[in-house]
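The following note sets out points on the structure for a colleague's consideration. Please read them with the sequence and the coordinates at hand.

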Amino acid sequence: AVRAEVLDVADIGTYVSITVQLAGGPELQVRAADAAGLARGGSCRLDLDPAFIALWPAADDFPARLPS
C-alpha cells in the first residue's frame, strides 16, 4: 500500500476522478465508481494492482514518438 494526499475529487457523472499525490512521488489520476468519502486535502492509502495501471507518454514527448 502507498500513502497519498487527495488533491482533487471530481464527479464526472459515470465515474469519479480522484487526483492524488503519492508520498514522495508523482501525482496519479484514479477513476472510481464513487469518492468513498475522500475529499481534497485528505489522505488515503492506495493498493496498486499492476494489471490495472495504464501509462501514456507526457504531452511534450508524444509528437517526437510518432512514426515519420
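**Notes on the predicted model**

1. Among contacts in the protein chain between residues at least 6 apart in sequence, those joining residues at least 24 apart make up 36%. The model under review is a predicted one, and the values in the points that follow should be read accordingly.

2. As to secondary structure, the protein chain contains four strands and zero helices. Read from the N terminus, the order of elements is β-β-β-β.

3. The four strands form an open sheet in the order β3-β2-β1-β4, and their pairing is antiparallel. Strands β3 (27-32) and β4 (43-46) each have a single partner strand and stand at the edges, so one side of each lacks a neighbour in the sheet. On average, and with direction ignored, neighbouring strands of this sheet are turned by 45° against each other.

4. Burial and surface may be taken together. The protein chain has 68 residues, of which 15% count as buried. Its exposed area is about 5,400 Å², and 54% of this is supplied by carbon and sulfur atoms.

5. The pairing of β2 with β3 deserves separate mention. Strand β2 comprises residues 16-22 and is joined to β3 by six bridges, the two strands running antiparallel. One residue of β2 to examine here is Thr19, whose bridge partner in β3 is Gln29.

6. Is Thr19 buried or exposed? Its relative accessibility is 17%, under the 20% cut-off, and Thr19 therefore counts as buried. Neighbours within four places in sequence aside, Thr19 is in contact with Glu5, Val6, Leu7, Asp8, Glu27, Leu28 and Gln29. A further distance concerns Arg31: the C-alpha atoms of Thr19 and Arg31 are separated by 8.9 Å, with the two residues 12 apart along the chain.

7. Ser17 is also placed in strand β2. With a relative accessibility of 7%, Ser17 counts as buried because this value is under 20%. When neighbours within four places in sequence are left aside, the contacts of Ser17 are with Asp8, Val9, Ala10, Ile12, Gln29 and Val30.

8. Which residue shares a polar contact of 2.7 Å with the side chain of Ser17? The partner is Gln29, through its side chain. Gln29 thus links two of the points above: this residue is the bridge partner of Thr19, and Gln29 also appears among the contacts of Ser17 and of Thr19.

Terms used:
Residues are numbered from 1 along each chain as its sequence is written. This is a predicted model: local features need pLDDT of at least 70, side-chain atom pairs count only at pLDDT 80 or more; totals for chains, interfaces and linings use all residues. Side-chain values use heavy atoms; hydrogens and water are left out. Two strands pair if DSSP finds at least two bridges between them. Axes are lines fitted to C-alpha atoms, for helices over the stretch in contact, and angles run from 0 to 180 degrees between N-to-C directions. Buried means under 20% relative accessible area, exposed over 50%, partly exposed in between (1.4 Å probe, protein chains only). A polar contact is a pair of N or O atoms within 3.5 Å; within protein, one must be able to donate a hydrogen and the other to accept it, and residues adjacent in sequence count only if both atoms are side-chain atoms. Contact means heavy atoms within 4.5 Å. Accessible areas come from the Shrake-Rupley method with a 1.4 Å probe; for residues, only the protein chains shown count as cover.
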